[in-house]
Amino acid sequence: MTLGIYPGTFDPMTHGHADVIARSLHVVQQVVVAVAPNPRKAPLFDMKERVELAKIATKDLPGVVVEPFEGLLVEYVRRRGAQAIIRGLRAVSDFEHEFQMALLNRKLDKNLETMFLMASEEYSYLTSSMVKEVASVGGPLHDFLHPEVAERLKTQLRLTQS
Ligand code: PNS
């Protein structure tokens, strides 16, 4: 069984993330979506909610498991017995940060590979932060998020803005 780990903050999971997961299933048999705490980014949703929303967004994709992880990514990948870390690349602007992360992870574990997949051009502009901005001013979300995730985002923003 080939296993890939797709780590991220997923605040919340977008169609762009789901597209990368679907593509990675052409290469590995199972994908673990590993939701990171990432306090640096001060996520809108807490860890439990982000896991729940990622499960909703990937429920139609066979071979996908969503779970939280804490600590060093390379240790988690080793513990999970995975073959590779999966990351999506949208545009050249992603490259520098992704390149640094991949090389750092390789330094921490020389046997670990990072596999980059190109997101569909349809989603190449999409980030969770931009989706939250659109949602915060009442914009339409159907092109970006699973409908249930969109509803949860609207509710969460109402709660935090009141
Ligand atoms: O969705 P993001 O915010 O781009 O994901 C970043 C993430 C969670 C993959 C990265 O911050 C990470 O791997 N965090 C775990 C701690 C770690 O191992 N850091 C060293 C590699 S950057």
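This dialogue goes through the fold, the ligand site and two backbone features of a predicted model.

Q: What should be known about numbering and confidence?
A: Residues are numbered from 1 along each chain as its sequence is written, and side-chain values use heavy atoms, without hydrogens and water. The model is predicted, so local features need pLDDT of at least 70 and side-chain atom pairs pLDDT 80 or more, while totals for chains, interfaces and linings use all residues.

Q: How many helices and strands does the protein have, and in which pattern?
A: Helices (H or I, at least four residues) and strands (E, at least two) are DSSP runs, numbered from the N terminus. The protein has six helices and five strands, in the order β-α-β-α-β-α-β-α-β-α-α along the sequence. The radius of gyration (over C-alpha atoms) is 15 Å, close to the 15 Å of the globule rule (2.2 Å times the number of residues to the power 0.38) for 162 residues, so the protein is as compact as a globular protein of that length.

Q: Which residues are closest to the ligand?
A: A residue is near a molecule if one of its heavy atoms lies within 4 Å of it. Here 13 residues surround the ligand, and Thr9, Lys41, Leu73, Arg87 and Met101 are the closest. Strand 1 (3-8) and helix 4 (92-108) are the elements that give two or more residues to this shell.

Q: Which side chains have a polar atom by an oxygen atom of the ligand?
A: A polar contact is a pair of N or O atoms within 3.5 Å. Polar side-chain atoms of Thr9 and Lys41 each lie 2.6 Å from an oxygen atom of the ligand; for Asn38 the distance is 3.2 Å. The protein covers 79% of the 520 Å² of accessible area (Shrake-Rupley method, 1.4 Å probe) that the ligand has on its own.

Q: Where are Phe10 and Pro12, and what is the phi of Phe10?
A: Most residues other than glycine have a negative phi, and most peptide bonds are trans. Phe10 has a positive phi, near 50°, and a cis peptide bond with omega about -5° joins Asp11 and Pro12. Phe10 lies in the loop between strand 1 and helix 1, as does Pro12; helix 1 spans 15-24.

Technical notes:
A polar contact is a pair of N or O atoms within 3.5 Å; within protein, one must be able to donate a hydrogen and the other to accept it, and residues adjacent in sequence count only if both atoms are side-chain atoms.
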